[in-house]
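Colleague: Could you take a close look at the nonpolar core for me? I'm new to this, so please explain the terms as you go.

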Amino acid sequence: MYMTIKEPSEKIANQAVQVWRISNTIGHGIAIIVLGILLYCSEHFHWYGWIQVTLYIILGIIVLSAVYSIFIEPVFLQKTWRYEIDEDFVQMKNGKWNESHTLVPMEKVEFVRTEQGPIMRKFDLFNLIIGTTTTQHTIPAIPAEKAKWLKVEIAQLAKVKESDLSEREEE
């Protein structure tokens, strides 16, 4: 008995690229500042030479990681993320080299909620969090109106109680 499931076709918002770039720039910027302070301290307080060499190697790795995380990864993620919601499943698919395709049966959905941080708020985007008994799944960067509509749609299809519909975005 084989079941044919349609591939997910819904894309996440194009603004996700900007959100991830800003977020990754902040994270890598903080790491580079901390390393700069440590390098200054190693020079000023005459720490062992191997510490300075190690800090420069770590700085090089962080710079390479920043280039990948800021310029390449967000575009790649936005192009490969797909989702689909129907009466039977919530489907999430992402990745090209390391592809992940997750099916969550509607009868396993325990809760659904939306989340929004300050950067996502600037772009009017939400993450849609779908929880089962054992884990939770996130569909990132969905436009606000669509995220709210999907939350209600999933709740109705999964027959989630009103108390399990979190309204965290209104806090």
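Modeller: Here is a walk through the core, with a short stop at one residue in a strand. A quick note to start: this is a predicted model, where local features need pLDDT of at least 70, side-chain atom pairs count only at pLDDT 80 or more, and totals for chains, interfaces and linings use all residues. Residues are numbered from 1 along each chain as its sequence is written, and side-chain values use heavy atoms, with hydrogens and water left out.

A nonpolar core is a set of buried (under 20% relative accessible area, 1.4 Å probe, protein chains only) Ala, Val, Leu, Ile, Met, Phe, Trp, Tyr and Cys residues joined through side-chain atoms within 4.5 Å. The largest one here has 30 residues, and Ile85, Val90, Val109, Leu128, Ile130, Ile139 and Ile154 have the most contacts inside it. Elements giving two or more residues to this core include α1 (16–44), β3 (89–94) and α4 (144–158); helices (H or I, at least four residues) and strands (E, at least two) are DSSP runs, numbered from the N terminus. With 6 residues, α4 gives the most to this core.

Now zoom in on Ile130. Leaving out residues up to four places away in sequence, Ile130 touches Val90, Val109, Phe111, Val112, Thr135, Gln136, His137, Ile139 and Ile154, where contact means heavy atoms within 4.5 Å.

Back to β3 for that short stop: Lys93 is found in this strand. Lys93 is buried, at a relative accessible area of 16%. Leaving out residues up to four places away in sequence, its contacts include Glu7, Trp81 and His101.

Methods:
Buried < 20%, exposed > 50% of the residue type's maximum accessible area, 1.4 Å probe, protein only.
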